[in-house]
Each structure stands twice: as structure tokens, then as C-alpha cells.
Amino acid sequence: MAATRIAVLGAGGFLGSHLVPRLLQLGDVQIDAVDQDLHKLECEDARVQRRVARLEQPGLVDEVTRSAHVVLSLTALCTPALYNTDPLAVIDANYTELLPLIRAAEQHRARLIHFSTCEVYGRRSLDMTGGAAATMNEDSNGLFLGPIHNERWTYACAKQLLERVLFAHGAHGNLHYSIVRPFNVIGPRMDFLPGVDGDGVPRVLACFMAALLRGDDLQLVDGGLQRRSFIAVEEFCEGIVRIVQRPDACRGQIINLGNPDNDVTIRELAEALSAEYAAYTGQPLARLREVSAEQFYGPGYDDTPVRVPDIAKARSLLGFEPRATLAQMLPGIVRDYVARYGAVQAAQPSRHLALEGS
Ligand code: UGA
């Protein structure tokens with residue numbers, strides 16, 4: 001039998017760069033690793049064909065989809081700082097530019113595993129009557145986005161509409177799809193460090209690591225009382241591999257992948273990360289500084305105060321059982337960031353000091 005051919009679109013991103021090596025462990029696979037930048041994909045393996053290209057490159061989606069048995073679609077603009085500052089690019093990257101991919105997957109009978117987001121649940125978890133629900137469930141929650149002028153929700157709305165398009169192609173056409181909703185996956189190589197290998201504001205783990213490496217304060221948006229449930233990237237990838245392996249069970253399913261046991265405030269994350277960093281490097285504990293959302297993100301930002309996944313479906317379909325605690329995850333993450341960025345980041349002036357001096 002021919003090897004399973006898997007196209008990973010967005011293979012150079014945080015998740016893609018962890019997923020490709022894990023997929024290789026399946027054995028008889030050929031992987032087309034596609035991204036506009038593949039630097040983070042450190043694995044060298046003859047079964048991986050690296051293709052540096054943008055999804056919009058004419059003919060690319062059709063070509064890759066035509067030869068693939070399975071397509072993993074990970075390309076996205078998914079850092080919240082962009083949602084209210086570059087909303088049209090966010091809508092294009094997360095919706096418009098993905099429509100040809102869905103059509104091509106249906107036409108060429110490629111199985112499509114699309115990475116959506118926990119953000120589709122919106123501001124808080126609600127049941128179908130609008131009552132509060134403790135966790136976020138794929139098939140019984142209402143989806144609660146804020147008003148249009150709160151541009152934070154452009155991303156969630158674009159992602160939700162794409163989910164609806166996928167669902168319609170599955171229900172009324174031939175598309176074989178699964179949708180994954182990741183819940184705050186963390187690990188090495190997340191996003192970028194501002195001024196080092198990217199510009200702007202990354203997600204919270206990279207914000208905090210950048211501050212620690214530069215000796216800056218960790219900034220707590222609105223006091224850092226918001227809660228997130230963090231999952232280790234390795235366990236998340238295990239869930240994805242099981243989805244790849246179970247096409248019939250996962251067909252037409254939306255699946256949360258997260259760890260409800262790691263539900264902490266952002267302040268607690270900051271404290272744990274700075275304690276881990278101090279223990280590893282011998283530096284003094286970093287200071288935490290409160291900042292308003294308006295100062296940090298600008299107007300139009302909004303937030304989700306609590307976000308806990310219901311993973312009953314992942315458990316029953318995949319035998320998915322994430323176990324790693326934050327205390328187990330953080331040492332490896334800190335070590336990797338220090339090894340990867342320590343020297344270059346230390347050479348940069350502290351943003352905080354620069355501002356004070358200006
Ligand atoms: C983001 C994306 O929008 C989702 O698509 C994605 O699924 C999700 O991350 C994820 O990683 O799974 P969010 O959790 O709000 O959503 O993004 P983060 O930037 O990681 O922020 C988490 C919380 O930390 C927010 O409340 C934010 O205000 C806060 N934060 C962020 C700080 O307090 N300080 C910072 O320096 C950065």
C-alpha cells in the first residue's frame with residue numbers, strides 16, 4: 001500500500017512545527033510541509049517535503065490537495081493583538097483565503113482536518129438558552145460574541161463562519177472533514193519574541209517569556225484575573241494524531257482539545273513562570289505590573305474571563321487524556337526559550353528601561 005500522504009499547511013508555525021515530527025512517528029507517511037516560513041520546523045527527514053510558499057500562491061492549494069490523503073489546515077492569524085488592529089487581514093487569513101482549500105478538498109476527496117479555535121465560544125460559556133455553563137461543549141453551547149465595535153471578535157466570527165462552511169460542505173456535499181478547537185496550547189517555539197523574530201504582540205506565554213528574558217516587568221492585562229486552561233503542545237499533538245488515525249469516528253465532528261484541569265488565572269501563570277525562570281537562571285523574581293486592556297491592546301479589545309474545555313467527546317472518540325500539569329510543563333518551556341533566545345534577547349535594550357529613559 002502507498003504511504004499516507006499528509007499535507008500540513010502552516011507547518012512552520014508553533015503547532016505545525018511540533019506536529020510534523022509527531023506525524024512522522026506514524027511510520028509510512030509522506031508529508032508536504034507548506035508555509036511561508038519553515039525556520040521553526042527543525043526536523044530533517046526524507047519523508048518531509050518542505051515547500052516555502054503562501055497559500056494564495058496560484059495553483060498551490062489545488063496541487064497540494066490533489067495529491068494528499070489528508071490535509072491539516074493550520075494557517076491563521078491568531079494573535080489577539082491583531083484582531084482589533086488589522087481585522088481585515090484577520091478575516092482574510094482565517095476565512096476568505098481558506099474557502100478555495102475547502103472546495104479543493106471536496107473536489108479531490110482529500111480528508112480535511114481544520115484547526116479552528118476555542119475563541120468561537122466567545123466571551124463566556126453559555127448553554128442554548130443563554131444560561132451560564134461551566135465548560136465549553138462542541139455541540140450544546142451557544143456561541144456568544146460581543147458587539148461589532150468590539151473588534152476582538154472579528155477573529156472568532158471569521159473562524160465560526162468557516163466552521164459553518166465546512167459543516168455545510170459535509171452535510172450537503174461530500175466533504176470529509178473534522179474540526180479541532182485548540183484551547184491554549186503552550187510549549188517551546190510559541191509565536192515569536194517581539195523585535196527578535198517577529199513584530200507586534202504575541203500570545204501570553206511568549207509575552208511573558210520575552211519580558212523575562214529582557215528583565216522587564218510581566219504585564220497583567222486588567223489585573224490578570226482572566227482564566228485560561230493550558231495544555232502541553234505534546235499532548236495536543238497526540239490528540240491530533242489520533243484524529244488522523246480515526247477517520248470514520250471523527251468525520252463531521254468538532255472536537256475540543258485542551259486540559260480542563262489546568263484552569264488558572266493569568267496572574268498565576270505569570271507567578272509560576274517567573275518563579276521557574278528565577279530558579280533556572282538565578283535571576284531575581286520578575287515584577288508583575290497591571291496594565292489596562294486599552295493601554296495594552298488599544299480600543300476594541302475584549303476578553304473571555306473563563307475558558308474551560310469540555311473534553312468528553314475527545315475522551316470517547318480518541319481516548320484523549322491530557323495529564324501534564326503546569327508545574328510539569330514550565331521547566332522545559334523555560335529551558336527551551338533560554339537556550340533558543342537567551343543570548344540574543346539579553347543583547348537588546350529593555351523596552352521598559354528605554355521608555356523610562358526616553
Ligand atoms: C488566543 C487566540 O485568540 C486563540 O485563537 C487561541 O486559540 C488561543 O489564544 C490559544 O492559545 O489557544 P487568548 O487566550 O485570549 O486567545 O490569547 P493570549 O494572548 O494567550 O491571552 C491570554 C490572556 O492573557 C488574555 O486575557 C490577555 O489579555 C492576557 N495577557 C496577554 C496578559 O495579561 N499579558 C500579556 O502580556 C499578554
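**Notebook: a helix pair and the ligand shell**

I began with two helices, H2 (residues 60-67) and H5 (residues 99-108), and found that they pack at an angle of about 35 degrees with their axes 9 Å apart. I note that the model is a predicted one. For the handedness, I recorded that H2 passes H5 in a right-handed crossing.

I then listed the residues that make this contact. From H2 I noted Val61, Asp62, Thr65 and Arg66; from H5 I noted Pro100, Leu101, Ala104, Ala105, Gln107 and His108. Sorted by class, the residues of the H2 contact with H5 divide into 5 nonpolar, 3 polar and 2 charged.

I turned next to the ligand. I found 26 residues surrounding the ligand, the closest being Tyr83, Glu119, Asn184, Arg228 and Asp303. By class, I entered 16 nonpolar, 4 polar and 6 charged residues for this shell. I also looked up which elements contribute: helix H3 (80-83), helix H7 (204-214), strand S10 (218-221) and helix H11 (293-297) each supply at least two residues of the shell.

I looked up three distances from ligand oxygen atoms. One such atom is 2.6 Å from an N or O atom in the side chain of tyrosine 83. For threonine 117, I recorded 3.0 Å between a ligand oxygen and a side-chain N or O atom. At valine 204, a polar backbone atom lies 3.0 Å from an oxygen of the ligand. Finally, I entered the cover: of the 690 Å² of accessible area that the ligand has on its own, the protein covers 98%.

Definitions and conventions
Residues are numbered from 1 along each chain as its sequence is written. This is a predicted model: local features need pLDDT of at least 70, side-chain atom pairs count only at pLDDT 80 or more; totals for chains, interfaces and linings use all residues. Side-chain values use heavy atoms; hydrogens and water are left out. A residue is near a molecule or strand if one of its heavy atoms lies within 4 Å of it. A polar contact is a pair of N or O atoms within 3.5 Å; within protein, one must be able to donate a hydrogen and the other to accept it, and residues adjacent in sequence count only if both atoms are side-chain atoms. Accessible areas come from the Shrake-Rupley method with a 1.4 Å probe; for residues, only the protein chains shown count as cover. Helices (H or I, at least four residues) and strands (E, at least two) are DSSP runs, numbered from the N terminus. Ala, Val, Leu, Ile, Met, Phe, Trp, Tyr, Cys and Pro count as nonpolar, Asp, Glu, Lys and Arg as charged, and the others, Gly among them, as polar. Axes are lines fitted to C-alpha atoms, for helices over the stretch in contact, and angles run from 0 to 180 degrees between N-to-C directions. A crossing is left-handed if the near helix is turned anticlockwise from the far one by less than a right angle, and right-handed if clockwise. Contact means heavy atoms within 4.5 Å.
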